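Here is a friendly walk through one model, with the sequence and the coordinates side by side. Please keep the viewer open while you read.

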Amino acid sequence: MKLSSLAALGVAVTGEADIVGVAADNRTVAPGDLFAGVPGEHVHGARFAADAVGRGAAAVLTDEAGAEHVPAGIPVAIAADVAAVLGRVAALVYGEPADRLRSFAVTGTNGKTTTAYMVEHILARLGCVTGLVGTVALQIAGEDVPASLTTPQPADLQRFLADLVAAGGTDLVMEVSSHALAQRRTDPIRYTVAGFTNLTQDHLDYHETLEEYFEAKALLFAEEKSERGVIWTDDEYGALLHERLMREGRPVAWAGRTQRDGRGWLVEGEGEFTLTGEQTYTCQTGLPGDFNVANAALAAAMVLEAGVPGAETAIADISPAVPGRMEVLSERPRVVVDFAHNADALEKAISSLRRDTAGRLITLTGSAGDRDALKRPIMGRVVAEGSDVFYLTDDDPHSEDPATIRAQIRAGAEGLVEIREIGDRAEAIADAILTAGDDDTVLLAGRGHETIQEVGSDLIELDDRVVARDALARRDRP
Ligand SMILES: CC(=O)N[C@H]1[C@@H](OP(=O)(O)OP(=O)(O)OC[C@H]2O[C@@H](n3ccc(=O)[nH]c3=O)[C@H](O)[C@@H]2O)O[C@H](CO)[C@@H](O)[C@@H]1O[C@H](C)C(=O)N[C@@H](C)C(=O)N[C@H](CCC(=O)O)C(=O)O
Ligand SMILES: Nc1ncnc2c1ncn2[C@@H]1O[C@H](COP(=O)(O)OP(=O)(O)OP(=O)(O)O)[C@@H](O)[C@H]1O
């Protein structure tokens, strides 16, 4: 594509070049790419323009402030707000790949990964070739592609979509974080169906208030971002969002256990449940917890609302394997690894496990550093109120002092439960499993599928599932 074509997007172009791709990080530039120098929180990306050109960048897209870093003689495109235009630029360069895909987006505080896996699972059963974008994986037709953010930056996302189309992809299933929506990472994708799981306290380090966090999520349901929405309305903010979209006359369906006005899907039953809209369908999910019925119902309703042929049969069993989400490692004692890392997720995981635990419920968790600190004492209280024993340990401390994080969690739990504080997570997991009775449940919460612990600037290999299996093997030894 010619650099001058970007003029159509309101970008001021000087010089001409043939562009084959887009990269917003100099370290990922390939010959012929347009290097986007985006101003960030830490550095202006345009500072890396000279290095990008050295790696073969054919031109640079940046703003007025960044232009001074562009080497003389290099074609340049200037935008008022680079981050805001980057998605549209990348889409144009890669040939608008999203237009050739049916697309599903899931947002909400908890349940995005699980629901996205469920939508993907239903589509894969129908023979669709899917791209899956989320926290756990970036996949094309089940094969992993490396990723670091839940929702990739615009240039990476559009390149991924182009690769998906080239691989014969038919469908895109994406988790969309509130950060991504606030930063317009998904622009200009207009999803066929957008789904909302729930909204509870998290990420208040990034979004200043819960209302601002809600408004960031609500962006996904605007006319330009999705054709129609499916909202889990048993959630307080879901109900608010549904009312608002109905008022605005947007195409929207509700899903939940309470009948509402307008088009919707009534959910009845537990592991095996019915979904009643124009017709009644029987579905089941093998994933434990009531909240997974909510996730499965939302996933099924999204595929039905998209009008995917054959959906009615493919939703009968929605049991994908979701790494680190209520993953059961053993039965006696029952050891479960779960990604719950905020109060609502912990509360739901604990209460669903409590119901079928004959012995004690032993919960192990910490909380990540350099992230929302306000949630820590609330998490402590939720664990204390729902468990018999609380193993208080470390998550990813990042640059924070781990003992301070533990003290903040402890503040909410003190006096309410037996607390065993062991900072070393592997040691804490081993102790919890080795001292558990056969009828007990051990919930290892917070890290799910993660395999690297970030302590200061050190990256330490730590997979809760590996440590737990090792401890279980030691239990079995006479
Ligand atoms: C707040 C936020 O989202 N920050 C993202 C942002 O960082 P930043 O503004 O600090 O960027 P910067 O370091 O100043 O760099 C500016 C520009 O220079 C470029 N650069 C920088 C250094 C270099 O050597 N070369 C280079 O080209 C960068 O690619 C960037 O384009 O741009 C970076 C480059 O793409 C991202 O890595 C970074 O995500 C950080 C790591 C992050 O943790 N983001 C989290 C909050 C996030 O987005 N999370 C959500 C999920 C939340 C959930 O659990 O629901 C997600 O979607 O993953
Ligand atoms: N519908 C739900 N309601 C409340 N909690 C849930 C729900 N679904 C899953 N959870 C809990 O939240 C945890 C994270 O689930 P999942 O990874 O599916 O969510 P997510 O929104 O993708 O999270 P993240 O944005 O942090 O990646 C699960 O391990 C489980 O404990």
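UniProt positions are given here in the numbering used in this report, feature names are shortened, and annotations may be inferred rather than shown by experiment. With that in mind, the UniProt record (an unreviewed entry) places the feature "domain: Mur ligase N-terminal catalytic" at residues 19–90. The two end C-alpha atoms of that span are 10 Å apart, and its content is 26% helix and 19% strand. Helices (H or I, at least four residues) and strands (E, at least two) are DSSP runs, numbered from the N terminus.

A word on the ground rules: this is a predicted model, in which local features need pLDDT of at least 70 and side-chain atom pairs count only at pLDDT 80 or more, while totals for chains, interfaces and linings use all residues. Residues are numbered from 1 along each chain as its sequence is written, and chains are lettered from A and ligands numbered from 1 in the order in which they are written.

**Domains and cores**

The protein chain is assigned domain 1 (3–93), domain 2 (97–314) and domain 3 (327–476); such bounds come from an automatic or database domain assignment. Between the C-alpha centres of domain 1 and domain 3 there are 44 Å.

A nonpolar core is a set of buried Ala, Val, Leu, Ile, Met, Phe, Trp, Tyr and Cys residues joined through C-beta atoms within 7 Å. Buried means that 20 or more other C-beta atoms lie within 10 Å of a residue's own, exposed means 12 or fewer, and partly exposed is in between, with C-beta atoms placed from the backbone. The largest such core has 109 residues, and Phe104, Ile122, Ala297, Ala300, Ala301 and Val303 touch the most other members. Helix H9 is the top contributor to this core, with twelve residues. Because domain 1 (3–93) and domain 2 (97–314) both give residues to this core, it lies between them. A second, separate core of 39 residues includes Ile362, Ala432, Val442 and Leu443.

Phe104 is worth a click. Beyond its neighbours within four places in sequence, Phe104 has contacts that include Val119, Leu172, Tyr191 and Met302; a contact here means C-beta atoms, placed from the backbone, within 7 Å.

**The two ligands**

A residue is near a molecule if its C-beta atom, placed from the backbone, lies within 6 Å of it. What makes up the shell around each ligand? The table gives the split by residue class.

| Shell | Nonpolar | Polar | Charged |
|---|---|---|---|
| Ligand 1 | seven residues | nine residues | three residues |
| Ligand 2 | six residues | eleven residues | six residues |

In this count, Ala, Val, Leu, Ile, Met, Phe, Trp, Tyr, Cys and Pro are nonpolar, Asp, Glu, Lys and Arg are charged, and the others, Gly among them, are polar.

Around ligand 1 there are 19 residues, of which Gly40, His42, Gly45, Leu149 and Ser177 come nearest. Ligand 1 lies between domain 1 (3–93) and domain 2 (97–314), because both give residues to its shell.

Ligand 2 is surrounded by 23 residues, with Gly111, Lys112, Thr113, Thr114 and Ala345 the closest. Helix H4 (112–125), helix H9 (290–305) and helix H11 (343–355) each supply at least two residues of this shell, and H11 gives the largest share, four residues. Domain 2 (97–314) and domain 3 (327–476) each provide at least three residues of the shell around ligand 2.

**The annotated binding site**

The unreviewed UniProt entry marks Thr150, Thr151, Ser177, Gln183 and Arg185 as "binding site". They are spread over 36 residues of sequence yet cluster in space, with a largest C-alpha distance of 13.0 Å.

Is Thr151 buried or exposed? Thr151 counts as buried, because it has 25 C-beta neighbours inside 10 Å. Thr151 sits in the loop between strand E9 (143–145) and helix H5 (154–166), and its contacts beyond four places in sequence include Ser177 and Arg185. Gln183, by contrast, is partly exposed, with 19 other C-beta atoms within 10 Å, and belongs to the loop between helix H6 (178–182) and strand E11 (191–196).

**Backbone details**

Most residues other than glycine have a negative phi, and most peptide bonds are trans. The peptide bond from Asp187 to Pro188 is cis, with omega near 0°, and Pro188 is in the loop between H6 and E11. Another cis bond joins Arg332 and Pro333, with omega about -5°. Glu96 has a positive phi, near 50°, and is partly exposed, with 16 C-beta neighbours inside 10 Å.

Note on methods
Two residues are in contact if their C-beta atoms, placed from the backbone, lie within 7 Å.
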